[in-house]
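Dear colleague,

I am handing over the structure we spoke about, and below it you will find my notes on what turned up. Please keep it open while you read, so that you can look up each place as it is named.

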Amino acid sequence: MLAAILLAAVAVLSGQHGPPYSPEEALATFRLAEGFQIELFAAEPLVSDPVAMEVDENGRMYVVEMHGYPLDLSGSGRVMLLTDTDGDGKPDRSTVFADGLKLPTGIMRWKNGVLVTDSPDVWYFEDTNGDGRADVKRVVLTGFALTNPQHKMNTPLYGLDNWIYLANEGPVRTIRYRDLLGDEGKEVHFPDRPNGPHLPPDADGRNVRFKPDTFELEALAARSQFGQTFDAWGHQFLNTNNRHLYQEVIAARYVSRNRSLVVPSVVEQLPDYAIPAELFPVTDNPEYQLLTDVGVMTAASGVTYYLGDLFPAAYRSAAFVGESAHNLVHVDSVSERGVTFRASRMFDGREFLASTDSWFRPVNFYIGPDGALYLIDYYRKIIEHPEWLDDATAVPTGTSGPSWLNQVHLGGASVDELVRTLAHPNIWWRRHAQRLLVDRKPRAAVRPLAQLALSGDSPVGRVHALWTLEGLGKLQAETIAAALGDATPGVRENAIRIAERHLRSASVRDRLLQMTDEADSKVRFQLLLTLGDIDAPAAEAIRNRSLIENVEDGWMQVAALSAPKWDAAALFRMAFERLADRDTPGRRTLFNRVAAMAGSNDIPATREIVRRVTMATERPADWWRAAALQGLADGIRGKKQRESAFDPERTSVTRLVLRDESTAVRRAALQLLDALGLSAGGMDAALAKEAERLALDPRAEADARADAVHLLALRDASAHEQMFRDLLGRAEPTPVQTAAVRALADLKDPRIAGDVIGWWDRWTPAVREEGVRALVREPARVRVLLDAVAGGKIRATEIDRPLRVRLMMLDDDELRNRARALFSARAGTPKEAVGRYEAAISLQGDADRGRQVFGRVCSICHQYRGSAGAQFGPVLGEVRNHAPMSLLVDVLDPNHSIAHGYELWIVTLTDGSTLGGVIGHEAPTSVTFRVAGGAETIVPRTEIQSMRISDTSGMPEGLEAQVDLQQMADLIAFLKRGAT
């Protein structure tokens, strides 16, 4: 059964032909999976504008109402208490339990009251006198951003490990409502414990977990927009608008303990089909808004892993997601896939639940005490925020209606009854029973809990018993040791997590070290993570063995290397001896990661790796040599390890640049020299002469000559300035001239800017692009560049879009304003361009020709259905349901709407350099930026001085110069065809 809370946003009358419908009429608009029925549970006037609900251990139902969405911060949000007065187990009365909230987003039972999320605060409300209204009101946690309601902190959830988890995505950029929703948060902290733990403002936009009574607080590794959920074993699943189901694979505490290890991402996208997911709505006259990607997942929320006991067996590993923009509920079947999971569609060509009613807005779910799935319908016409512009139950057919309200009495259960409830097949009962036991701390619970943990029939019951004992502080080492040998992998995995808290016990450590033959991938993964906290040769041996055996599994690599103490030299030797014989993606990654760890803080290991790389000159070794050199460069960069002690290594690496046949090895060697620093004294005269001869030799390979130019620039660019000028003033291969421009750019010679403009007409586009990069480095050069653009010497379109954006974001007011004026000076405004090209909509387009236009014009920034292009801007293969006019506007006016997640960031690094790109991945210790063309740069957070969002899109304007009317019609036909 699917229980629905169907709520109309306004008073409605029955019998009309379109929405809004009465709650009873709305039921007739649903198209539900076969074998299920949907029933109305609560509606207006009992509740309205619901976004979350909770049922406490006594069967009392709390509903969070967000009346103010999206812009009313006056305090119209409420928590309603629903009760049953006639004994039928259904709500017939509602009272205001708490009010005065801004835009509340979630609720969870805690102690004798409830926790409610309402940024910037997490509130605790309690009724101490039994009148149904909270008289205790206090903030327990604060500091979160008051931002767009769709991106605020939300969904408090009691975890298996007795922590309270909060979903949080961080503030989203707002332009039109900056005064109302532009807050970026403050330090997250407990207001009652000023000297307690503090997290960065808004927890750096990451999920959070905390314990209010012991004042423990942690930022997690990942983020989630609206919703979060766990499976029975504590694996956390998250969602954001167009990524409806992903997993936080590795926790922040593991990623952060080895500061030398850079982990680009901590999440795994689970669907085994293209994302954003294709959807199958049935809506009559849909109300799609500005940023709705019609036909694909664009408003995922409320992700809920079904852990009830009412649905058929096929749904016991199902994840439900609300999609309010398309008026439907999507469901995936989640299955094991090694360390992580995979999610597969349960239905082809249709959804679990869809409505013809365009006001149906499923935003959240709740598994009730009866095992029904309670669907929270934020019933209204418009769901999207103007920046971009009903509770029901589902149950199997034949199930009797809900009748539990005020009929549940778990709160009065005995200790033994609560312990037995930990094995209940419905998570509602297990979670409340565990919370009550941990909160009440009854001594009489210890013995039956230990018995359940050791010999209970239910695996989930054994896990809950273990964590409850842990929460009570009564878990014994022998119980942990026994659980480590449990027959069920999920129990063993959790026992390992618990064992981390008991590593002082020799018996626990010894038992962990005996688990060398573990067959289950997830258990092995957790074992590797936990062994990272054991500083012992046996633990290191297990990690080493795992690295070799699981080298192609990136998650296993990260787990093993996350240990804080490593002998990088020994680890590299092991990799060299066991893995250097064959090139694979996993082996290449391992060589790079180990070398980066060495470069960051281990001088002897760095020397040994350089020695091995320079001694191995066979061509089959090029792959690992290049990977190792690049890793050393990544590790050393920013660490200021430029002491003369590295001079022997500088000399041997210099020889590689001059003499090695592998371009990949030479380029990686240059990266290492750049990181180490190469002064005139660090390169002997003979090698310098050899570099000069190579740079000027017209018979030599162009790439090798370019590398020699780069090398001379690293040694002493000023000493070779005339050589660089000569190379740029005559006909030379593009790679050589590009390297020469880079070399001159590092000099302070005031003539350089004028010379670049003077040489401009002789250069190829690639050399010109490098010339622009040289000119944007300092204000005096920028003025010369802008003069050249204003005078027509350089066309604005010859300057790469990211560089134009960089110029338009300069700190200097005069230069910034002048750049904006120049680069906006085009053949009309974007709106006028749309008007000129509107005629393309009426032309007959050819999709095959449109594919060619896409490849020529669009693929530098976009992919089509996950391929055939660069992963920089939004994927364009899922926009076939967009109106042609909408597509035309998106193509010609990219600043019209910038999709969340594709903002262009301007980043200043600690060495003074800058870069621009969209964020591809984030981890606690690094940020991955993507640039046009799809290339990625992983930047350690320690090297980031500042980050700011550009107020313009990273997508280029002026595409009308590259596409005529018929080609635009062809492009639109290709995008709307929806096939590869």
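**A strand with two faces**

Strand β17, which runs over residues 216–219, has a covered face made up of Leu217 and Ala219, while Glu216 and Glu218 make up its uncovered face. In a regular strand the side chains alternate between the two faces of the sheet. Please bear in mind that this is a predicted model.

The partner of β17 is strand β16 (residues 208–211), and the two run antiparallel, joined by 4 bridges. If you would like one pair to look for, Lys211 has Glu216 in β17 as its bridge partner. Together β16 and β17 form a hairpin, with 4 residues between the two strands. Phe215 is found in the loop between them, and it has a positive phi of about 55 degrees although it is not a glycine.

**Backbone angles to look at**

Most residues other than glycine have a negative phi, and most peptide bonds are trans. Besides Phe215, Thr155 is a residue other than glycine with a positive phi, here near 55 degrees. Thr155 lies in strand β12, residues 154–158, and because its relative accessibility is 12%, under the 20% cut-off, it counts as buried.

Where are the cis peptide bonds that I noted? One joins Glu44 and Pro45, with omega at about 10 degrees, and Pro45 lies in the loop between β3 (36–42) and β4 (50–55). Another runs from Ile275 to Pro276, with omega near 5 degrees, and the place of Pro276 is in the loop between β21 and β22 (300–305).

**An open sheet**

Strand β21 also belongs to an open sheet of 4 strands, whose order is β18-β19-β20-β21 and whose pairing is antiparallel. Its edge strands are β18 (228–230) and β21 (267–269), each of which pairs on one side only. Direction ignored, neighbouring strands of this sheet are turned against each other by 30 degrees on average. At the β18 edge, the pairing with strand β19 (residues 236–240) is antiparallel and extends over 3 bridges, and within it the bridge partner of Gln228 is Leu238 in β19.

**A helix with a buried side**

Helix α20 covers residues 685–696, which makes 12 residues, and its reach from first C-alpha to last is 17 Å, close to the 16 Å expected at 1.5 Å a residue. Which residues of α20 are buried? They are Leu687, Ala688, Glu690, Ala691, Leu694 and Ala695. Seen down the helix axis, these buried residues fall within an arc of 160 degrees, and therefore they line one face of α20. An α-helix has 3.6 residues a turn, so residues three or four places apart point the same way.

What covers the buried residues of α20 includes α18 (647–659), α21 (702–716) and α22 (721–728). On the other side of α20, by contrast, Ala685, Ala686 and Arg693 are exposed. At the start of the helix you can also find a side-chain oxygen of Asp684 that reaches to within 3.2 Å of the backbone nitrogen of Ala686.

With best wishes

Key: Residues numbered from 1 in each chain as written. Predicted model: local features only at pLDDT ≥ 70, side-chain atom pairs only at ≥ 80, totals over all residues. Heavy atoms only, no water. Expected span 1.5 Å × (residues − 1). Buried < 20%, exposed > 50% of the residue type's maximum accessible area, 1.4 Å probe, protein only. Arc of directions from axis to C-beta. Contact = heavy atoms within 4.5 Å. Polar contact = N/O pair within 3.5 Å; in protein donor to acceptor, adjacent residues only side chain to side chain. Pairing = 2+ DSSP bridges. Axes fitted to C-alpha atoms, helices over the stretch in contact; angles between N-to-C directions.
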